[in-house]
Amino acid sequence: MALLDILHFPDNRLRQKGEDISIFDDNLKKISGNMLETMYASKGIGLAAVQVNLPIRLIVIDISESRDKPLFLVNPVIVDKKDKITFEEGCLSVPGFYEQVERYNNISFTYKNLDGESQNGTAQGLLAVCIQHEIDHLDGKLFVDYISNIKRDRIAKKIKKAQSTGSVPTRKDVPYNI
Ligand code: QAP
Ligand code: CO
């Protein structure tokens, strides 16, 4: 297992779109394990492959307090959504910043597991918001895209400054198959 480098806003690579995954091999399991480890090490509840510079449609989520109930969603698609809510979101790619975002409180979704088997599920509240946030990453979208340009630009400037003074760590990429 290995920790992966998380890209930070306003890095353009966060704008990459994830490609559908069609190869369900040991490499996919290795990437998933490394993403999960990276997410736990960073105290996150969700991480999308695009955030670690892998443009593929894979997300890992664990909203449990015990940190032992991981979800691996491959090629996730929201097929139904209802009841809007406003949620204060953060993001491992936007460290230290939190903003209110409008989402759906109830969703139905489909995905494949790491063995390539088709699955479906429903989610509400935090899990529903997390899935919407992570699928956005696979489409090159960030939660800061929902706030005002002025606020977003201020956040970008502060993160760039933090990076230039060396207060945000970085690491290297891993190979992958689609
Ligand atoms: C997305 O976000 C999310 O700024 C996952 O310093 C957020 O895991 C879904 C994190 C809110 C639903 C609600 C952020 C960790 C983690 C930070 C995360 C930080 C350390 C964010
Ligand atoms: Co995020």
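Is Gln51 buried or exposed? Keep that in mind while you load up; this is a predicted model, and the tour comes back to Gln51 after a stop at the metal.

**Stop 1: the cobalt ion**

Select ligand 2, the cobalt ion, and show the side chains around it. Three residues coordinate the ion: Cys91 through SG, and His133 and His137 each through NE2, with distances of 2.0 to 2.2 Å. Read along the chain, the donors to the cobalt ion fit the pattern C-x41-H-x3-H.

Now colour helix H2, residues 125–138. His133 and His137 are about one helical turn apart, because they sit four residues from each other in H2. Both histidines are tucked away: His133 is buried at 7% relative accessible area, and His137 is buried at 1%.

**Stop 2: the rest of H2**

Stay on H2 and switch on a surface for everything else. Of its 14 residues, 13 are buried, so the helix is largely enclosed by the rest of the structure. If you like a quick check, put a distance between the C-alpha atoms at the two ends: you should get 21 Å, which agrees with the 20 Å expected for 14 residues at 1.5 Å a residue. Just past the helix, click on Gly140, which follows H2 and has a positive phi, near 75°.

**Stop 3: ligand 1**

Next, select ligand 1 and the residues around it. There are 19 of them, and the ones that come nearest are Gly44, Ile45, Gly90, Gly96 and Tyr98. H2 turns up again here, giving the most to this shell with five residues. Strand S3 (71–89) also supplies at least two. By type, the shell splits into ten nonpolar, six polar and three charged residues.

Zoom in on the oxygen atoms of ligand 1 and look for these contacts:

- Ile45: a backbone N or O atom is 2.8 Å from a ligand oxygen.
- Gly96: a polar backbone atom is 2.8 Å from a ligand oxygen.
- Tyr98: an N or O atom of the side chain is 2.8 Å from a ligand oxygen.

On its own, ligand 1 has 500 Å² of accessible area, and the protein covers 82% of that.

**Stop 4: the loop between S1 and S2**

Back to Gln51, which is in the loop between strand S1 (46–48) and strand S2 (58–61). Gln51 has a relative accessible area of 1%, so it counts as buried. Show its side chain and you'll find two partners. One is the backbone nitrogen of Ala48, at 2.8 Å. The other is the side chain of Ser93, in a polar contact of 2.9 Å.

In this loop between S1 and S2, also pick Asn53. Its phi is positive, near 65°, in a residue other than glycine. Asn53 counts as buried, at 14% relative accessibility.

**Stop 5: out along S3**

Move to strand S3 and select Asp83. Here too is a residue other than glycine with a positive phi, near 65°. Asp83 is partly exposed, with a relative accessible area of 44%. Then click Lys84, also in S3. Lys84 counts as exposed, at 54% relative accessibility. For a sense of scale, draw a C-alpha to C-alpha distance from Lys84 to Gln119: they are 25 Å apart in space and 35 residues apart in sequence.

**Last stop: a cis peptide**

Finish with Phe9 and Pro10, which are joined by a cis peptide bond with omega at about 10°. Pro10 is in the segment before helix H1 (26–41).

Note on methods. Residues numbered from 1 in each chain as written. Chains lettered and ligands numbered in written order. Predicted model: local features only at pLDDT ≥ 70, side-chain atom pairs only at ≥ 80, totals over all residues. Heavy atoms only, no water. Donors = N, O, S within 2.8 Å, 3.2 Å for Na, K, Ca; no water. Buried < 20%, exposed > 50% of the residue type's maximum accessible area, 1.4 Å probe, protein only. Expected span 1.5 Å × (residues − 1). Near = heavy atom within 4 Å. Polar contact = N/O pair within 3.5 Å; in protein donor to acceptor, adjacent residues only side chain to side chain. Areas by Shrake-Rupley, 256 points an atom, 1.4 Å probe, with all protein chains shown as cover. Nonpolar A, V, L, I, M, F, W, Y, C, P; charged D, E, K, R; others polar.
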